[in-house]
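User: I would like to learn how to read a protein model feature by feature, going from the general idea to the particular case. Could you take me through one?

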Amino acid sequence: MSGPLLPPLESLRKALGQVRIPLQVPGAEAARTLAGTFTNQLDDYVLPRLRDADAPLLAVVGGSTGSGKSTLVNSLVGTPVTTPGVLRPTTRHPVLAHNPADADWFASDRILPRLPRITGGTTLGGTDDVFGLRLVAIDEIPAGMGLLDAPDLDSVSAANREMAGMLMSAADLWIFVTTASRYADAVPWAALRTAVDRNAAVVIALNRVPPEAMTEVTAHVRQVLADERLAGAPLFVIPESPLVDGMLPDDRTEAMQTWLANLVDDAAMRAAVARRTVDGAVGRITAEMPVIADAVAQQVDTAERLRGAVAVPYEKAVATLEEAAADGSLMRGEVLARWQEFVGTGQLLKRLEEGVGRLRDRISAAVRGEPAPPERVSEAIESGLASLLVDAANDAARQADHDWRADDAGRALLGGSDLARASADFGDRAAELVRAWQGDLLEMIRTEGADKRQTARAMAYGVNAIALALMVAVFSTTGGLSGAEVGIAGASTALAQKLLEAVFGEDGVRRMSKSAMEKLQERVAGLMAEEQQRFLSRLDALELDPGLPARLRAATLEVAQARQAEDAQTVLPNSPPAPGDPSAPRRNWRDKVRDWWNG
């Protein structure tokens, strides 16, 4: 039965294992549930069945509370193995009865690998508190089949209902038990419709039917089954009768016992039943996988949108630096005042025109401390530039936080965190960045002047003074200044330019100024990239794979194509007529099945 279907299903299972749907977007919860359901069904049933096509059938008995499932199981196996009534098996220990010859099949984790196996002991299932699948070996069970008593489909316990659904999804054959008084209840029919959608092999056991209403109830149930596309499902009608030692009289279950034994005894039919149920499960998976693939793609798109909401304001924060250099704002206030104290005013430009010698004297005096020391200028630039970066980082954080909070997925990622301001240590990191950049300039000056013998004496005036001049040249323009500041800033820029040109030449100054700004922008971009990780790390932790939707779709297509090569249409043998049932078949069911099998 595995044929060409197993390899693509294994590929699909691998892709499903990589599915992440963590972001709060419309449809995410339903897609998460569906992905979990398909993953579990592949692990619990489909893949194990395909790998071991000759394994015994697993018949799961399910139904509503009080329908008599446990009593029916005990009666079918001929001995009490599970506790009926209010103490029936719960989510902690469903009971699987099997022939001793099949012990190895069911003791392994070939099916239901998430449930530990419990063997041995003398207590009935449902009376202890051990978690796992209780295995009970019974000689009366025909070899080639296991009978599993599942929790109630309508249990008040959500865990029980979940367990019941998991067990039903792992069944080759579903035996639904209901009663004459409750066969129209909504819960069992919802489960039966799921079985129909999966094209699963289904058997109906109608329990506790009053003898006087046998004909009427049976006819109505058959009509309801036909309306629900289950006209071909075998129907076993069990008349209401007193229990004998807690079990149904032998004649009440003989027909079903014989039917199950004949089914299991026919290897071809047994394999066909398993193939049909697998095909139904695979058909549902391939039909609904686009929902999961689309949901994963939506997750990727949402994550990219949230990344963009962070990237834009922080890119703007980096651009703020270039804007500040262009409009001269960094040379206002404290920085401009300290630079003027350092170089002096008045006749300085005139002296520059008289030659480099007088410039050397002026800078030498500055370095010796006669005007303000260069450290004051450096500190002023560091403070001004760091403040600029802090303001830009605060603006970016405020905008990114606002945009995420306007988005359901972003708001959920933020949780209770407030990221609307820059990190507490951002100011320190910004100041450290400026100092590191100043170190870049010093290194650049040393490297640039290394081979310029004619500037040796000028370099002797101190690289710190020249580095200050380079910073001033990078940041000072007349843009954005007014009044007296224009003349002062213009003179300052000219002085810095003259000094640098005297040492490095006009081309050298142009090249160094450009390089200085690029190095600063690179450092600032790195700082802002670190800062936005406060947001982006929340997305990175989701481990979303942009290539996964395409892999899911490709794997689903391969499964669908392989499934077309499988012929999985199987009709279950009819059940024998119940007393008073007017729809008795005209021919022996085995003859009809063999006719169908032979074409």
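Analyst: What follows goes from the overall make-up to the empty spaces and then to single residues, and it concerns a predicted model.

User: Where should I begin, and how many helices and strands does the protein have?

Analyst: A reasonable start is the inventory of secondary structure, which here comes to 20 helices and eight strands. Burial can be taken next: of the 599 residues of the protein, 51% count as buried. The protein exposes about 26500 Å², and carbon and sulfur atoms supply 51% of that area. As for contacts, among those between residues at least 6 apart in sequence, 81% join residues at least 24 apart.

User: How is empty space found, and what volume does the largest pocket have?

Analyst: The general idea is that rolling a probe the size of a water molecule over the atoms shows where empty space is left. In this model the largest pocket has a volume of about 690 Å³. Of the 27 residues that line the largest pocket, R161, E162, G165, M166 and S169 are the closest to its centre. The elements that give two or more residues to this lining are helix 2 (28-51), helix 5 (158-169) and helix 6 (186-197), and the largest share, nine residues, comes from helix 5.

User: Into which classes do the residues of that pocket lining divide, and how many nonpolar, polar and charged residues has the lining of the largest cavity?

Analyst: The lining of the largest pocket divides into 12 nonpolar, nine polar and six charged residues. For the enclosed spaces, the structure holds two cavities of 30 Å³ or more, and the largest cavity has a volume of about 80 Å³. The residues F176, V177, T178, Y183, P188, W189, L192, I204, V221 and L225 line the largest cavity, and the elements that give two or more residues to this lining are strand 6 (173-179), helix 6 and helix 7. By class, the lining of the largest cavity has nine nonpolar residues, one polar residue and no charged residues.

User: Turning to backbone angles, what sign does phi have in most residues other than glycine?

Analyst: Most residues other than glycine have a negative phi, and a positive value is therefore something to look for when scanning a backbone. One case is N199, a residue other than glycine whose phi is near 55°. The place of N199 is in the loop between helix 6 and strand 7 (201-209), and N199 is partly exposed, with a relative accessible area of 25%. Another case is R229, which has a positive phi of about 65° although it is not a glycine. The place of R229 is in the loop between helix 7 (214-227) and strand 8 (235-239), and R229 counts as exposed, at 59% relative accessibility.

User: In that loop between helix 7 and strand 8 there is also P234; is P234 buried or exposed?

Analyst: The relative accessible area of P234 is 2%, so P234 is buried, since the cut-off for buried is under 20%. Sequence separation can then be set beside distance in space: P234 and N574 are 340 residues apart in sequence and 5.2 Å apart in space, C-alpha to C-alpha.

User: Which residues does N99 touch, beyond those up to four places away in sequence?

Analyst: N99 lies in the loop between strand 2 (95-98) and helix 4 (103-107), and N99 is buried, with a relative accessible area of 12%. Beyond residues up to four places away in sequence, N99 touches I138, D139, I141, P142, A143 and M145. A polar atom of the side chain of N99 also lies 2.8 Å from the backbone nitrogen of A101.

User: And how would you read residues within a helix, for instance L500 and Q532, both of helix 18?

Analyst: The same two properties, accessibility and contacts, can be read for each. L500 counts as buried, at 1% relative accessibility, and, leaving aside neighbours within four places in sequence, L500 is in contact with I466, A469, L470, A473, G505 and V509. L500 and L470 are 30 residues apart in sequence and 7.1 Å apart in space, C-alpha to C-alpha. Q532, found in helix 18 (residues 484-540), is buried, with a relative accessible area of 14%, and, again leaving aside neighbours within four places in sequence, Q532 is in contact with V310, A311 and Y314.

Terms used:
Residues are numbered from 1 along each chain as its sequence is written. This is a predicted model: local features need pLDDT of at least 70, side-chain atom pairs count only at pLDDT 80 or more; totals for chains, interfaces and linings use all residues. Side-chain values use heavy atoms; hydrogens and water are left out. Helices (H or I, at least four residues) and strands (E, at least two) are DSSP runs, numbered from the N terminus. Buried means under 20% relative accessible area, exposed over 50%, partly exposed in between (1.4 Å probe, protein chains only). A polar contact is a pair of N or O atoms within 3.5 Å; within protein, one must be able to donate a hydrogen and the other to accept it, and residues adjacent in sequence count only if both atoms are side-chain atoms. Contact means heavy atoms within 4.5 Å. On a 1 Å grid over the protein atoms alone, a cavity is a set of points where a 1.4 Å probe fits but cannot get out, and a pocket is an open set with protein on both sides within 12 Å along at least five of seven lines; lining residues have an atom within 4 Å of a point. Grid points are joined across faces, edges and corners, and a volume is the space filled by probe spheres set on the points. Ala, Val, Leu, Ile, Met, Phe, Trp, Tyr, Cys and Pro count as nonpolar, Asp, Glu, Lys and Arg as charged, and the others, Gly among them, as polar. Accessible areas come from the Shrake-Rupley method with a 1.4 Å probe; for residues, only the protein chains shown count as cover.
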